[in-house]
Amino acid sequence: VLVVDDEPRNQRIITEALEHLIEYKLASSGSEALDLARSYLPDLILLDIMMPGMDGYEVCRQIKADPALELSKVILVSGKAMIEERLKGYAVGADDYMTKPFIPEELVAKAQVFLRLSRLERDQRELNRSLDGKLLDTELKLVNAAKMSALGEMAGGIAHEINTPLGTIGMIAEHLKDLVIEEPLDKKTVTDMILVVSRTVTRIATIIRGLRTFSRDGSGDPFEPAPLKQILEDTLVLCREKLKQSGTELRLEGIKDDLILQCRAVQVSQVLLNLVGNACDAIAQLPDKWVGISARVVGEQIEISVADSGSGIPPDARAKLFQPFFTTKEIGLGTGLGLSISKGIAEAHQGSLELDVECPNTRFVLKLPIFQQAAL
Ligand SMILES: Nc1ncnc2c1ncn2[C@@H]1O[C@H](COP(=O)(O)OP(=O)(O)OP(=O)(O)O)[C@@H](O)[C@H]1O
Ligand SMILES: [Mg+2]
């Protein structure tokens, strides 16, 4: 407690009451009180109103305006008991008012009530702060879990995607070994083979780039111009094998070379991968399996549509589709976060992600502005 009073007699009465019960410091003027309050950070301030220089009202006003002291309670103490004075005290932010002369036991009891209150507020605040931190932490972990689950699903396919071209390179190497001992050496054949090797290496590099892109967290990336075609290629390289293995036909339409949008490519890729992954899962049992991706420019936006041969989503599931943790997949096969994260990403791009309920097939539409308006 910080006791503020200019009269030694009052100081003595108050401190005698608090003695051995409550820890206190003493100030005998307004400015001294403010200095001491800022270094001592008292839970409670017993503040005399009538003081030469800065009066109690002004001290109270300044204490309440100081964010560092927002947890300090103020009880104004005065010889005047007029209602106007009391109201003026509350108007400058005082928490309570006491009139002199007071009964020491009551002063102590009241001080203890406010100290309890102040301590509770402090605890509450600390709890909130640590909860905030934990929530953010959990959120980040979940987003990562969803990504890794999507990636895990593709892992087999990706291994295959890399293994096939590696096999090609191995075969060509064997072949070249035999070729070079032949006379005369057919330069054309050798050159052709080397070309195949270098193209295959490029292919593997693309796959690795896709993987690297995807496993990175792009949420802090700047919005940069990127060709949609490139983003799509980086994405498809991760799921082409999954599509192939399930016998799903991939239909691409309108993915022109000149479609460039200002975006976080990593995140857009993440949305597309989830949409294609979802589509592929949804139609696994259908006899007719296709996934179609198309893009077109509408005004200032690029509309990217991901449709599949499924026949839409029943109305009761539609409402929950974009909610976190809504999944119809078995435990371990889906987190139910894919669409909610995707929608979040679309919105962070000032775009949208919606289910097209007019389409007879299941169709999601991702709309992204070509240019990012600078956030105000
Ligand atoms: N193309 C689709 N056709 C039918 N149902 C779909 C389609 N896309 C999503 N859904 C439904 O929406 C649910 C939620 O999708 P979401 O991507 O949010 O999570 P998930 O795919 O279940 O899990 P994760 O994305 O972590 O793999 C899916 O479980 C599925 O029931
Ligand atoms: Mg999903």
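The following exchange covers a helix pair, a metal site, the cysteines and two single residues in a predicted model.

Residues are numbered from 1 along each chain as its sequence is written, while chains are lettered from A and ligands numbered from 1 in the order in which they are written. In this predicted model local features need pLDDT of at least 70, side-chain atom pairs count only at pLDDT 80 or more, and totals for chains, interfaces and linings use all residues; side-chain values use heavy atoms, with hydrogens and water left out.

Biologist: At roughly what angle do the axes of helix H8 and helix H10 cross?

Modeller: Helices are DSSP runs of H or I with at least four residues, numbered from the N terminus. Axes are lines fitted to C-alpha atoms over the stretch in contact, and angles run from 0 to 180 degrees between N-to-C directions. The axes of H8 (residues 265-282) and H10 (residues 338-348) come within 9 Å, and they cross at roughly 145°.

Biologist: How many charged residues are in the contact of H8 with H10?

Modeller: Contact means heavy atoms within 4.5 Å. On the H8 side the residues include Gln 267, Val 271 and Leu 275, and on the H10 side they include Leu 339, Ile 341 and Ile 345. Asp, Glu, Lys and Arg count as charged, Ala, Val, Leu, Ile, Met, Phe, Trp, Tyr, Cys and Pro as nonpolar, and the others, Gly among them, as polar. By class, this contact has five nonpolar residues, six polar ones, and of charged residues, no example.

Biologist: Which residues are the protein donors of the magnesium ion (ligand 2)?

Modeller: Donors are N, O and S atoms within 2.8 Å of the metal (3.2 Å for Na, K and Ca); water is not among the atoms, so sites may look incomplete. The two residues lie in H8, four residues apart, about one turn of the helix. Each gives its OD1 atom at 2.2 to 2.3 Å from the ion: Asn 274 and Asn 278.

Biologist: How many disulfides are there in the whole structure?

Modeller: A disulfide is a pair of cysteine sulfur atoms within 2.5 Å. The cysteine sulfur closest to that of Cys 263 is in Cys 239, 17 Å away, so it is too far for a bond. A search of the whole structure gives a count of zero.

Biologist: Is Gln 11 buried or exposed?

Modeller: Gln 11 is in helix H1 (residues 8-18). Buried means under 20% relative accessible area, exposed over 50% and partly exposed in between, with a 1.4 Å probe and protein chains only. Gln 11 has a relative accessible area of 14%, so this residue is buried.

Biologist: Is Pro 315 buried or exposed?

Modeller: Pro 315 is found in helix H9 (residues 315-318). Its relative accessible area is 58%, so Pro 315 is exposed.
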